[in-house]
Amino acid sequence: MTDVSVLVPTFKRAGLLKVSLESILAQTNSPAEIIVIDDGSNDETETVVRGLSSDIEFIAKPENSGKAASLNLGIKKATGSLIWIMDDDDIALPHALETLTDLLDQNPDAGFAYGRHMRFSEDASGTRTELGTGYWQTCTPEDFLTQTLEDFFPHQPGMLIRKSLFETVGRFDADLKRSQDYEMLIRLARAAPCANTDDIVFLQRQHAGIRGTAGDRFAASHSNAKWMEYDQEIFRKLRDTLSLNEYLPRGETANTDAQKRMALLQRGVIFARKKLWELAIEDFETAAEFGPTSLTDTEKTLLRRTLASKYGCDEVREDPDIIGNLKKVKSIQPAGAAIVQGIMRGMRWRIREAIQTGQPLQAIGLVQRSLTVSLSR
């Protein structure tokens, strides 16, 4: 038995919850405790939980108050030194806890460990179809924070976190209706190094079920818009709290002009990917004032990711102000032209994507925007 507390927040998903809990009970390394926090469900949730095992602790909240509040309650209740948060619709592979625990044992300085997931869908007959991992970035522990700020997101069922780290960074933000786990991941990454594996440790269910709290329910098709809305709220706050050093690999500092430019470019890329272009442009403009004129290969690679957000880049095609501002950056010496050229290289990938997915009008619009910037003086 491992010194792990498993927390399973749930709301009105009794059928899926049963499968999730069964996967936890089947672990090769058994956790010390399993705590289900029911966020005011009115279905068969309690019956399902109590019918599975008397070892599962069931906490029923009288009113629905969201996942963050449920997790804060569960962490406070947990007695284990390690916390494993499982979603009520996902499935842990039998070796998941053993793999993640071994990672932390082998890396005592790490505050958390994480592994990959495999997405899947399931038809009415129970037949599963694997859908791949989706967006996944292989990165070093030193680059984990910057990659997480861009888009990278190890999901909670694939993470094992020291309870002491939660005590350091504080509670989940219950004022956020969405992206609470992303906001917490950023805090964890700022506070401690991590350990990781490319092994798949859980299966992430893709389904069309309703999401959100009782007061903010929405269809799965609206998920991206919701995530983007709350990601922007998070990042507007982060703008004032993250130091420029935190946009460099862990342990590096922005002491030289070259390091300052790299940090500014990284921050600009991050904020552009969150569609906060007014803030991104500020960073690109400041970075353009630092020499030399040419960019390093690392800077070129970074800038190509500017338009690679998982939320797409429709705003570049639709908002002429973005193109106008990039043209202004291009005119700033000594490095403005090189910076904008690096950003527009990423446009080529978006144009190919539009063509390959049968969206010729979108491809034409992106080509037009690219030419407008490229041909400007």
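**Group meeting: a first walk through the model**

Let me begin with a pair of strands, β1, residues 2-10, and β2, residues 31-38, which run in the parallel sense and are joined over 7 bridges. Within that pairing, P9 stands opposite I37 of β2. I should say straight away that what we are looking at is a predicted model, and I would ask you to keep that in mind throughout. As for the surroundings of β1, 8 of its 9 residues are buried, so this strand is largely enclosed by the rest of the structure.

With that starting point, let me step back to the protein as a whole, whose secondary structure comes to 15 helices and 9 strands. Its C-alpha trace spans about 70 × 45 × 35 Å along the principal axes. How does the radius of gyration sit against what a compact globule would have? For 377 residues, such a globule would be near 21 Å, and the protein has 22 Å, which agrees. Buried residues make up 52% of the 377 residues, and, among the contacts with a separation of 6 or more, 74% are between residues 24 or more positions apart.

Turning to the surface, the protein exposes about 16,800 Å², of which carbon and sulfur atoms supply 49%. There are 46 positive and 54 negative charges, and the mean positions of these two groups are 6 Å apart.

Now I would like to move to another strand, β9, which covers residues 194-205 and has an antiparallel partner in β5, residues 91-92, with 2 bridges joining them. In that pairing, A92 has F202 of β9 as its bridge partner. Strand β9 is also joined to β6, residues 112-122, but here the two run parallel and the bridges number 8. One of the residues in this second pairing is F120, whose bridge partner in β9 is R205.

My last stop is a single residue, T99, which is found in helix α4, residues 96-106. Is T99 buried or exposed? The cut-off for buried is under 20% relative accessible area, and T99, at 16%, is therefore counted as buried. Which residues does T99 touch, if we leave out those up to four places away in sequence? They are T197, D199 and V201, and those three numbers fall within the 194-205 range of β9, so that this helix residue brings us back to the strand we have just discussed. As general background, the side chains in a regular strand alternate between the two faces of the sheet.

Key: Residues are numbered from 1 along each chain as its sequence is written. This is a predicted model: local features need pLDDT of at least 70, side-chain atom pairs count only at pLDDT 80 or more; totals for chains, interfaces and linings use all residues. Side-chain values use heavy atoms; hydrogens and water are left out. Helices (H or I, at least four residues) and strands (E, at least two) are DSSP runs, numbered from the N terminus. The radius of gyration is taken over C-alpha atoms; the globule rule is 2.2 Å times the number of residues to the power 0.38. Buried means under 20% relative accessible area, exposed over 50%, partly exposed in between (1.4 Å probe, protein chains only). Contact means heavy atoms within 4.5 Å. Accessible areas come from the Shrake-Rupley method with a 1.4 Å probe; for residues, only the protein chains shown count as cover. Lys and Arg count as positive and Asp and Glu as negative; His and the chain ends are not counted. The place of a charge is taken as NZ of Lys, CZ of Arg, CG of Asp or CD of Glu. Two strands pair if DSSP finds at least two bridges between them.
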